[in-house]
Amino acid sequence: MITPRPAVRRAAAAGLALAACLTASPAVATAATDRDATGLDRYYRQHLDWGSCVQGPDDTTGRDLEKAGVQCADVTVPLDYAAPLGRTITVAISRLKATDTRHRIGAILLNNGGPGSTALESPPEIRQAMKDVGPRYDIVGFDPRFVGRSTPLDCGWPVGTNILSAGLGRTSFERQAAFQKDLADKCRATNASVLPHISTRNTARDMDVIRGALGERKISYLGYSYGSYLGTVYTQLFPGRSDRMVLDGAIAPHHYSPRLLQYALRENEQALSAWADWAARRNGTYGLGRTRAEVLAGIDRIVAAAARHPLTVGTGQESFRLDDTQVPFLVFVALADDTDPARAEFGEQLAVLRKAAAGQPTRLSPQFAALLRLVLTGGLPGAAQSAFLCGDKAAPRDPERYWRDIQQSRAKHRLLGPLVNNIGPCAFWDRPREEPTQVRHDASALIVAATGDPRTTYRSSRDLHGLLPGSRLLTLKGAKRHGIYGAYGNACVDAKVNRYLATGELPAGDETCVKQGG
């Protein structure tokens with residue numbers, strides 16, 4: 001899944017059984033109610049040593065946070081909540097304290113999605129999005145366990161993401177199966193002792209330790225994309241400990257799995273068609289075709305050329321090679337944002353790929369070069385993303401299952417079908433230690449959803465709303481965009497979310513906003 005926050009997009013352009021999963025141990029199951037008996041009390045009562053976020057002379061993120069008045073600290077948590085007296089790890093958090101202390105509401109915790117995205121850098125940006133209510137909160141970002149500054153996972157992957165297409169034929173699929181198995185093997189060889197403990201349920205437990213260490217009776221929360229699933233899991237493990245919950249681009253638990261992107265194929269196809277219409281109206285600028293059909297046929301020709309021989313884009317040290325498993329991912333990345341600047345950037349990128357497919361020399365914009373570096377050379381947190389997905393829910397093991405799904409989808413979805421149905425590392429991962437979380441407790445939350453969200457679909461947000469009767473659904477009609485509040489510029493959505501954050505009162509019923517300018 002691709003995370004929506006602008007700060008995250010600058011750092012990362014890109015995010016998804018033979019035996020039953022193990023159930024939670026008794027120690028874990030009672031952690032929420034009997035901390036003393038399980039040895040967790042020392043974590044909840046720990047003293048946080050707040051200080052500068054700057055970690056070195058090249059730490060631009062830390063310097064930006066320091067300029068904004070943000071301080072950082074490390075929270076100690078158990079690696080294994082079933083063995084709290086054993087090995088510990090640290091979770092890095094940041095805090096922009098409330099300045100309107102007379103009207104302080106409490107602390108709000110942030111998660112930017114992924115899984116595997118950081119949020120340590122986000123408090124200043126969220127303070128701005130919250131407008132007048134921002135100064136009434138301590139805004140707390142955190143990097144989830146094994147992400148960013150929180151004991152980061154390094155599997156030695158040569159790429160930034162495993163989200164790739166199966167390509168145009170059986171041979172490329174078999175190469176993908178071998179490649180994805182190698183990625184899983186690398187993680188097992190380098191991090192076998194921690195992989196079983198990388199899960200959303202453990203991250204939710206870390207969140208509750210953060211709440212306790214902050215001295216808060218309840219915690220408010222803003223979660224985007226996968227962060228909505230994390231927030232839902234928190235409400236189920238710790239009912240009654242959440243205050244104001246905003247879930248933007250929500251995922252129903254039954255849609256969350258290593259094959260999550262399968263559920264969004266229809267929405268991605270719609271987003272691709274809408275972009276092709278946009279590009280066709282600007283054929284004079286990008287030269288990609290005068291109609292939707294011409295634009296889409298041009299993309300197919302680029303992929304076919306990449307299958308015959310990898311495309312070379314850029315020059316010198318900024319030169320990259322792209323085959324038919326990688327080009328569809330670049331298209332997929334671009335579909336999460338329907339704003340004109342994002343669509344224009346993708347148009348420029350596709351024009352470069354079109355020239356490369358014709359054997360012509362190309363020059364890369366700084367943005368396109370940065371994206372390719374992140375995706376192709378290990379700059380994205382792909383290993384951590386896979387570790388969470390694989391650690392939360394088992395994936396099918398048989399490669400032939402994936403091949404059948406790819407072939408069945410290829411006829412109608414020749415570009416994106418082989419991508420969303422492709423095999424991944426989870427097919428070769430050890431099985432999760434706990435069962436997936438089920439929604440058994442109601443929770444008060446504001447669910448924000450765009451009708452054309454191509455990552456976490458509107459259908460999934462509606463399903464989550466149905467599972468949580470105490471929630472309200474705030475719909476943005478007409479937007480094919482992933483991540484709305486404070487990131488899309490829709491004044492109606494932003495105002496309604498901020499009203500909820502200020503008052504703590506959900507609207508009497510579900511509400512609707514409309515995409516501005518469309």
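In this predicted model, a disulfide joins Cys492 to Cys513, with 1.9 Å from S to S. Cys492 sits in helix 20 (residues 491–503) and Cys513 in strand 11 (residues 511–514), so the bond ties together parts that are 21 residues apart in sequence. The torsion about this S-S bond is about -70 degrees, so the disulfide is left-handed. As for the two ends, Cys492 counts as partly exposed, at 28% relative accessibility, whereas Cys513 is buried, at just 1%.

The link of Cys390 and Cys426 is left-handed too, with -85 degrees about the S-S bond. Here the sulfur atoms are 1.9 Å apart. Distant parts of the chain get linked this way: Cys390 belongs to helix 16 (residues 382–392), while Cys426 lies in the loop between helix 18 (417–420) and strand 9 (446–450), 36 residues apart. Cys390 is buried, with a relative accessible area of 2%, and Cys426 counts as buried at 10%.

Then there is the pair Cys53 and Cys72, whose sulfur atoms are 2.0 Å apart. The torsion about their S-S bond is about 100 degrees, so this disulfide is right-handed. Cys53 comes from the loop between helix 4 (41–44) and helix 5 (60–67) and Cys72 from strand 1 (residues 71–78), so parts 19 residues apart in sequence are tied together. Both Cys53 and Cys72 are buried.

Overall, the count comes to 4 disulfides, and counting bonded cysteines along the chain gives the pattern 1-2, 3-4, 5-6, 7-8.

As for confidence, the chain averages a pLDDT of 92, and 93% of the residues score at least 70. Over residues 2–34, though, pLDDT stays under 50. Where pLDDT is low, the predicted coordinates shouldn't be read in detail.

Terms used. Residues numbered from 1 in each chain as written. Predicted model: local features only at pLDDT ≥ 70, side-chain atom pairs only at ≥ 80, totals over all residues. Heavy atoms only, no water. pLDDT = per-residue confidence, 0-100. Contact = heavy atoms within 4.5 Å. Disulfide = S-S within 2.5 Å. Helix = DSSP H or I, 4+ residues; strand = E, 2+ residues; numbered from the N terminus. Buried < 20%, exposed > 50% of the residue type's maximum accessible area, 1.4 Å probe, protein only.
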